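Reader: Please take a close look at one helix pair in this model. How do the two helices pack, and what makes the contact?

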Amino acid sequence: MTAALLQVRDLRTHFETRAGTIKAVDGISFTLERGEILGLVGESGSGKSVTGFSLIGLLDAPGRIAGGSVMFRGQELVGLRQAEMRKLRGKRIAMIFQDPAATLNPVLTIGQQMAMAVQAHGGGGEGAALALAARSLVRVGIPDAAARLNAYPHEFSGGMRQRVAIAIALLHEPELIIADEPTTALDVSIQAQILAEMKTLAQESGTALIWISHDLAIVSSLADRVIVLYLGRIVEYGSVSDVLRAPLHPYTRGLLDSLPALAAPGQKLTQIPGSTPSPLNVPPGCPFAPRCSHATDLCRSEPPRVGDQRHGAFCHHPLSVAP
């Protein structure tokens, strides 16, 4: 049996502040196979984006990896020298940021930036690099791609800039792409095109994807498996069909019930009661207990655990039947 493409074990990312230590990622473990698409979902502040940044060493101070392991094709990434990490980023592991401003340089043309990304990993001469760049732009639906290589980022709309950022990530057809809500700024038709391209890439070339999103509809149509995060911890995991059709954790059930599409016209929208606790003051036991209608004294005192099953929830009183 071959090893998984990515193996994450007990990953912990902390931010040291004057007020105390923020455990943005608090003991996350998962594996990812070649060609698999994994969705990371949860409310804002659940640790989704920080997880992505942690995997490829893009944390800014005061953030740091406090513990755990990230194995990519058998190579440990935690503690890897920056020079070695740069050889992986962009070629074998790529990341698509939610804000294209984090990817594009405003004083360079699109063609210059994409050619640099190609040549940084031995992509040949400038002509070959620009030809590859144009083909990648076509893949994400940018018309007249060869001419648009001469444009600057400010000449593109926000959605077009995001498509360029996605095209840059696709240049080398990496083995792993970490996508941090990359289709948020795109209209529905382009979003569908990008999602179809991503699924094709995974199926035909074996590229694995970690798709970070708060949009459960996108995750349900794209991902194979899903992990639900809350306060930096995994609360539920499993196949998309298992988790979204028959959730075990009350938090997952609350996320699904909050979808506006499920409410009848004129019906008041359902919401999860309360608000997310401060990461500086995480409650003992289950972190969701203060907001959970199923919580008992056990939930407020003992951290929940889960076995090694295909679909599991870190919950003392998991839901047995989806409403």
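Author: H4 and H6 are oblique to each other, a class for angles outside the ranges under 35 degrees (roughly parallel), over 145 (roughly antiparallel) and 65 to 115 (roughly perpendicular). Their packing angle is about 125°, and the axes lie 9 Å apart. Axes here are lines fitted to C-alpha atoms over the stretch in contact, with angles from 0 to 180 degrees between N-to-C directions. The crossing is right-handed, meaning that the near helix is turned clockwise from the far one by less than a right angle. H4 supplies Ser-136, Leu-137 and Arg-139 to the contact, and H6 supplies Val-164, Ala-167 and Leu-170; contact means heavy atoms within 4.5 Å. By class, four of these residues are nonpolar, one is polar and one is charged. Ala, Val, Leu, Ile, Met, Phe, Trp, Tyr, Cys and Pro count as nonpolar, Asp, Glu, Lys and Arg as charged, and the others, Gly among them, as polar.

The model is predicted: local features need pLDDT of at least 70, side-chain atom pairs count only at pLDDT 80 or more, and totals for chains, interfaces and linings use all residues. Residues are numbered from 1 along each chain as its sequence is written, and side-chain values use heavy atoms, with hydrogens and water left out.

Now take Ser-136. It sits in H4, which spans residues 126–139; H6 covers residues 158–170. Ser-136 has 3% relative accessibility and therefore counts as buried (under 20% relative accessible area, 1.4 Å probe, protein chains only). Leaving out residues up to four places away in sequence, Ser-136 touches Met-114, Ala-167, Leu-170 and Leu-171.

Notes: Helices (H or I, at least four residues) and strands (E, at least two) are DSSP runs, numbered from the N terminus. Buried means under 20% relative accessible area, exposed over 50%, partly exposed in between (1.4 Å probe, protein chains only).
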